[in-house]
Amino acid sequence: MGSPVVLGIESSCDETGAGLVRDGRLLGHALASSMDEHSRFGGVVPEIAARAHVHSFGPVVRQALDSAGLRMSDIGAVAVTTGPGLSGALQVGLAGAKGLAYALDVPLYGVHHLAGHVAADTLEHGPLPDPCVVLIVSGGHTSLLLVRDLARDPIVHLGDTVDDAAGECFDKVARVFGLPYPGGPAIDRVAREGDRRAVAFPRPMTGSRDAPYAFSFSGLKTAAARWAEQRRAEGGELPVADGAASLQEAVADVLTRKAVAACRDHGVSTLVVVGGGVAANSRVRELAEQRCRAAGITLRVPPLRLCTDNGAMIAAVGDLLVRAGAEPAPMDVSIDPSAPLEYAALHPVASRGTVRAA
């Protein structure tokens with residue numbers, strides 16, 4: 001017999017996801033989003049997100065099972081996001097996952113949300129090369145990582161964002177430009193009609209010797225806001241398409257330049273670009289392909305359906321942990337809304353104030 005079927009549960013923000021994975025193969029998954037409920041507020045409202053997870057948890061799990069042609073009794077392990085994320089949202093997912101694991105008498109695994117994004121690529125392209133450089137670009141995170149065995153080894157941070165992440169920059173500038181939330185897809189869509197050389201936005205931290213792989217997008221956000229304010233003050237119509245294209249080019253330039261440099265400097269031949277909406281950005285993908293090809297680096301990017309938050313990526317980590325013989329989480333496992341990414345397994349226990357990692 002092969003490995004057990006792993007059910008993965010994701011509820012860290014505004015999407016409720018369930019996925020089923022066995023031996024590295026995605027069997028089925030389902031997703032429910034509360035994005036429309038948040039859009040009128042210009043950002044995610046934690047209370048609305050938590051309530052949406054309560055309503056969606058059961059239906060999403062059933063839809064995932066139906067898509068895989070499986071029954072609840074076929075589940076052999078449960079993996080769930082225990083951090084980072086919104087506290088209330090994480091609590092809903094963990095409570096549901098504990099209930100299922102207890103009722104089915106199967107092991108439970110706590111998973112770091114960002115490790116899930118890394119593992120998502122394995123469902124499309126197979127096992128990650130050891131080592132590889134991973135660029136995580138999501139709404140709240142921008143990081144360059146050196147990854148070896150995701151289930152067993154510590155994850156090495158080459159560089160992280162020191163202030164706004166790339167996704168935050170897109171969201172905040174989109175609001176200034178009068179574009180809808182979420183800002184990333186809106187910027188990408190409008191930028192197709194613009195000139196990416198129209199505005200000379202800065203490329204933050206590209207000349208840093210002390211932190212060559214760190215990111216900072218707060219200054220770029222401010223530069224774009226000031227540009228928009230100046231154009232409006234001059235009485236002319238704001239050329240949103242040119243502004244969006246130029247902003248997107250600046251972000252893509254910084255991300256891909258640092259990622260390729262990290263691969264070259266560490267002798268790594270594979271770059272994996274993962275994360276939320278920014279990983280789905282058309283210019284980020286295009287420029288990454290061009291620069292990796294020129295540098296002789298293999299580029300791996302998950303398909304769009306696996307770039308956003310989803311249960312399949314959490315199930316993928318759970319499957320890796322099961323096959324690696326990792327210790328399951330205790331049933332009193334808690335959440336850690338601000339957990340640093342150190343290991344793929346995340347088993348914090350609130351009463352003891354400790355974190356267990358596989």
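Asp66 lies in helix α2 of this predicted model. With a relative accessibility of 63%, Asp66 lies above the 50% cut-off and therefore counts as exposed. In sequence, Asp66 and His29 are separated by 37 residues, while their C-alpha atoms are 8.9 Å apart in space.

The helix that carries Asp66 also packs against another helix. Two packed helices are described by the angle between their axes and the distance between the axes. For α2 (residues 46-68) and α3 (residues 87-104), the axes come within 9 Å and the crossing angle is roughly 30 degrees. Angles under 35 degrees count as roughly parallel, and α2 and α3 are therefore described as roughly parallel to each other. The crossing in which α2 passes α3 is right-handed. On the α2 side, the contact involves Ala50, His53, Val54, Phe57 and Val61; these meet Gly88, Ala89, Val92, Gly93, Gly96, Ala97 and Leu100 of α3. By class, the contact of α2 with α3 comprises eight nonpolar and four polar residues, with no charged residue.

Attention now turns to strand β1 (residues 5-10). This strand is mostly covered, with six of its six residues buried. Val5, Leu7 and Ile9 point one way from β1, whereas Val6, Gly8 and Glu10 point the other way; all are buried, Glu10 included. Strand β1 has pairing partners in β4 and β2. With β4 (residues 75-83), β1 pairs in the parallel sense over five bridges, and within this pairing Leu7 stands opposite Val78. With β2 (residues 15-22), β1 is joined by five bridges in an antiparallel arrangement, where Gly8 stands opposite Gly19. The strands β1 and β2 form a hairpin, and four residues lie between them.

Further along the chain there is an open sheet of five strands, in the order β8-β7-β6-β9-β10, with mixed pairing. The edges are occupied by β8 (156-160) and β10 (298-300); each has a single partner strand, so one side of each is left without a neighbour in the sheet. From one strand to the next, the twist averages 20 degrees. Within this sheet, β6 (residues 132-137) and β7 (residues 142-147) run antiparallel and are joined by six bridges. One of the paired positions is Cys132, whose bridge partner in β7 is Val147. Helix α4 (residues 113-120) lies across β6, β7 and β9 (270-274), and runs at about 120 degrees to β6.

A further helix pair is formed by α7 (residues 183-191) and α9 (residues 240-265), which pack at an angle of about 115 degrees with their axes 8 Å apart. The range from 65 to 115 degrees counts as roughly perpendicular, and α7 is therefore roughly perpendicular to α9. The crossing of α7 and α9 is left-handed. Helix α7 contributes Ile187, Asp188, Val190 and Ala191 to the contact, and α9 contributes Val240, Ala241, Ala244, Ala245, Leu247 and Gln248. By class, the contact of α7 with α9 has eight nonpolar residues, one polar residue and one charged residue.

Note on methods. Residues are numbered from 1 along each chain as its sequence is written. This is a predicted model: local features need pLDDT of at least 70, side-chain atom pairs count only at pLDDT 80 or more; totals for chains, interfaces and linings use all residues. Side-chain values use heavy atoms; hydrogens and water are left out. Axes are lines fitted to C-alpha atoms, for helices over the stretch in contact, and angles run from 0 to 180 degrees between N-to-C directions. Helices (H or I, at least four residues) and strands (E, at least two) are DSSP runs, numbered from the N terminus. Angles under 35 degrees count as roughly parallel, over 145 as roughly antiparallel, 65 to 115 as roughly perpendicular and the rest as oblique. A crossing is left-handed if the near helix is turned anticlockwise from the far one by less than a right angle, and right-handed if clockwise. Contact means heavy atoms within 4.5 Å. Ala, Val, Leu, Ile, Met, Phe, Trp, Tyr, Cys and Pro count as nonpolar, Asp, Glu, Lys and Arg as charged, and the others, Gly among them, as polar. Two strands pair if DSSP finds at least two bridges between them. Buried means under 20% relative accessible area, exposed over 50%, partly exposed in between (1.4 Å probe, protein chains only).
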